[in-house]
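Take a moment to turn the model around on your screen before reading on. Let's walk through it together, one part at a time.

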Amino acid sequence: RFEREARGLSSLQHPNIVSIVDRGDTDGGVPYLVMEFIEGPSLREVMRSPLFDARAALRIFGEVARAIDYAHRRNVIHRDLKPENILLDEQAGGIAKVGDFGLAAFVADEPSRFNLTQTHMAMGTLAYMAPEQRLDAKSADGRADIYSLGVLLYELLTGSTPMGTFEPPSRLRQGLDPRVDHVVFRCLRPDPDDRFASVAALLE
């Protein structure tokens, strides 16, 4: 699994994805990855700042979404999007970098993917997981990442995750364009068929 992940992620070269620099095995046979060093806080740390505004939230969200769109186009589903897995590169002007593809599914390699993820097994972080991913991670496709992006956007704008019946972001964030509400609610539809068909459509 480790080798397969390393091979898959080494093909992801995007300014908003943490890059793999090298991979190999130690003399003792322990596999390793060398990843680029990102000097800066996680998005979780930044979200705690009172200076975090809606404009910055939408910029960061756009960068994360572009990274996930790129990954999806290369048949990689992240499956664990959350603020802890997004770093802000201070040396590059604070751009967002998505990391931790440890739970990723490589959908181009169906037999191996199914061997790695058992039926009816949940994988990910509960608050950010799509309903179908909570039931069966193996059956979740790229639309599960779209759900996670919706949770992330809601939290970026309001400071809380959407649980149960929740208020539209524009009611909780003064001055926020209410058109953002439609984007958030569509991402968070329980039925994957009712969400955006792709991250590209979400970005548009």
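What follows is a short tour, from the whole chain to single residues and then to a pocket.

First, a word about what you are looking at: this is a predicted model. The protein has 204 residues, and 47% of them count as buried. Its secondary structure consists of nine helices and six strands. How do distant parts of the chain meet? If you take the contacts between residues at least 6 apart in sequence, 59% of them join residues at least 24 apart. On the outside, the protein exposes about 10300 Å², and carbon and sulfur atoms supply 51% of that area.

Now find helix α3, which runs over residues 54-73. This helix has 20 residues, and the distance from its first C-alpha to its last is 28 Å. That is close to the 28 Å expected at 1.5 Å a residue. Is α3 enclosed or open? Because 14 of its 20 residues are buried, α3 is largely enclosed by the rest of the structure.

Phe-61 is a good residue to pause on, since you will find it in helix α3. Phe-61 has a relative accessibility of 7%, and buried means under 20%, so this residue counts as buried. What is Phe-61 in contact with, once its neighbours within four places in sequence are left aside? The partners are Leu-149, Leu-153, Leu-156 and Leu-202. Leu-152 is also worth finding: along the chain it is 91 residues apart from Phe-61, yet the two C-alpha atoms are separated by 7.8 Å.

Those leucines lead us to another helix. Helix α6 covers residues 142-158 and has 17 residues. At 1.5 Å a residue α6 should span 24 Å, and its end C-alpha atoms are 25 Å apart, which agrees. This helix is mostly covered, with 15 of its 17 residues buried. After α6 comes Gly-159, whose phi is positive, near 85 degrees.

Let's go back to α3 and see what follows it. There you meet Asn-75, with a positive phi near 65 degrees. Asn-75 has this positive phi although it is not a glycine. The residue sits in the loop between α3 and β3, a strand of residues 76-77. With a relative accessibility of 35%, Asn-75 counts as partly exposed, because that class lies between 20% and 50%.

A little further on, Arg-79 also has a positive phi, here about 75 degrees, although it is not a glycine. Arg-79 lies in the loop between β3 and β4, the latter being residues 86-89. Is Arg-79 buried or exposed? Its relative accessible area is 2%, under the 20% limit, so Arg-79 is buried.

For another arginine, look at Arg-171 in helix α7, residues 169-172. Arg-171 has a relative accessible area of 63%, which is over 50%, so it is exposed. The C-alpha atoms of Arg-171 and Thr-158 are separated by 9.4 Å, and these residues are 13 apart along the chain.

Next, move towards the start of the chain. Gln-13 is found in the loop between α1 (2-9) and β1 (20-25). At 46% relative accessibility, Gln-13 counts as partly exposed. Beyond its neighbours within four places in sequence, Gln-13 is in contact with Ser-19 and Tyr-70. Tyr-70 is 57 residues apart from Gln-13 along the chain, and their C-alpha atoms are separated by 9.1 Å.

Ser-19 turns up again when you visit Met-35, which is found in strand β2, residues 31-35. Leaving aside neighbours within four places in sequence, Met-35 is in contact with Val-18, Ser-19, Ile-20 and Val-21. Met-35 is partly exposed, with a relative accessible area of 39%.

Our last stop is a space rather than a residue. Rolling a probe the size of a water molecule over the atoms shows where empty space is left. The largest pocket found has a volume of about 200 Å³. Which residues line the largest pocket? The lining consists of Leu-126, Pro-131, Arg-134, Tyr-147, Pro-162, Met-163, Gly-164, Phe-166, Phe-185, Leu-188 and Pro-190. By type, these lining residues divide into nine nonpolar, one polar and one charged.

Key:
Residues numbered from 1 in each chain as written. Predicted model: local features only at pLDDT ≥ 70, side-chain atom pairs only at ≥ 80, totals over all residues. Heavy atoms only, no water. Helix = DSSP H or I, 4+ residues; strand = E, 2+ residues; numbered from the N terminus. Expected span 1.5 Å × (residues − 1). Buried < 20%, exposed > 50% of the residue type's maximum accessible area, 1.4 Å probe, protein only. 1 Å grid on protein atoms, 1.4 Å probe; cavity = no way out; pocket = protein on both sides within 12 Å on 5 of 7 lines; lining within 4 Å. Points joined across faces, edges and corners; volume = space filled by probe spheres on them. Nonpolar A, V, L, I, M, F, W, Y, C, P; charged D, E, K, R; others polar. Contact = heavy atoms within 4.5 Å. Areas by Shrake-Rupley, 256 points an atom, 1.4 Å probe, with all protein chains shown as cover.
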